[in-house]
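Okay, thanks everyone, I'll keep this short. Let me put the sequence and the structure up, and then we'll walk through the strands and the cores.

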Amino acid sequence: MSRKPISLRTELPLLVWLVIVWGALWRDFSPGNLLFGALIAVVVARVFYLPPVELSGRFNVLRAIPFALVFLAKVVAASFQVIFLSVAKGPRVVNAVVEVPLRSHSDLMVTATGHVLSLIPGSLVVEVDRSTSTLYIHGLDIRDEADAAKLRKEVQDTEAGLIRIMGTKAELAALEAETAPPSAAGKGVTP
């Protein structure tokens with residue numbers, strides 16, 4: 001099987017990440033160990049086919065900081081909710097798997113959204129449909145369709161935050177068009 005060669009510029013974020021993981025696994029960030037990790041990263045990237053991660057080329061720090069703070073607040077609140085539900089309701093807690101279609105079809109954005117959600121206690125991504133960019137989320141204490149709709153909105157809000165931080169310009173424009181209020185053009189005009 002022949003594959004299209006990937007440029008070093010496109011592959012560089014993957015190689016850097018693999019070297020960081022190598023150093024973390026060995027708990028040794030000495031120059032010799034990192035050099036050996038870089039050699040292994042290049043061999044792995046050349047021998048095994050890994051699809052290139054398409055980065056948008058933008059990262060908005062001013063959006064990332066509030067997103068991280070909200071994420072930490074959600075982790076703390078969800079931890080207390082899980083404690084409360086386990087003590088107060090025990091085995092009577094009703095759970096559900098909720099289908100959530102995402103806006104973005106980028107593998108990076110779908111993966112980032114899934115990871116952020118899985119780090120919050122009480123929710124877990126059980127399946128991802130790459131062809132439709134749909135996440136299937138196991139939600140805790142989902143009793144009816146209103147709770148499922150609330151979970152869908154939370155997932156889509158998380159994705160929207162990630163798009164504002166590191167999404168492509170096209171994804172950001174589509175999100176802004178979706179969330180913008182209807183224009184005043186045409187108001188007051190009767191046909």
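When I say two residues touch, I mean they have heavy atoms within 4.5 Å. And keep in mind that this is a predicted model.

With that in hand, let's start at methionine 166. Leaving out residues up to four places away in sequence, methionine 166 touches Ser56, Arg58, Phe59, Met109 and Ala112.

So where does Met166 sit in the bigger picture? Met166 is among the residues with the most contacts inside the largest nonpolar core, along with Met109 and Leu162. That core has 13 residues. Which elements give two or more residues to it? Those are helix H3, 61–88, helix H4, 107–118, and helix H5, 145–166. H5 gives the largest share, with 5 residues. Apart from that core there's another one, of 12 residues, and among them are Val98, Val100, Leu102 and Leu117. As a reminder, in soluble globular proteins nonpolar side chains tend to be buried together.

Okay, on to the strands. S3, residues 134–139, pairs with S1, residues 96–101, in the antiparallel sense over 6 bridges. Val100, which I just mentioned in the 12-residue core, has leucine 135 as its bridge partner in S3. S3 also pairs with S2, residues 123–129, again antiparallel and over 6 bridges. There, valine 125 stands opposite isoleucine 137 of S3.

Last thing: how many residues lie between S2 and S3 in their hairpin? There are 4, and in that turn serine 133 has a positive phi of about 50°. That's it from me.

Technical notes:
Residues numbered from 1 in each chain as written. Predicted model: local features only at pLDDT ≥ 70, side-chain atom pairs only at ≥ 80, totals over all residues. Heavy atoms only, no water. Pairing = 2+ DSSP bridges. Core = buried A, V, L, I, M, F, W, Y, C linked by side-chain atoms within 4.5 Å. Buried < 20%, exposed > 50% of the residue type's maximum accessible area, 1.4 Å probe, protein only.
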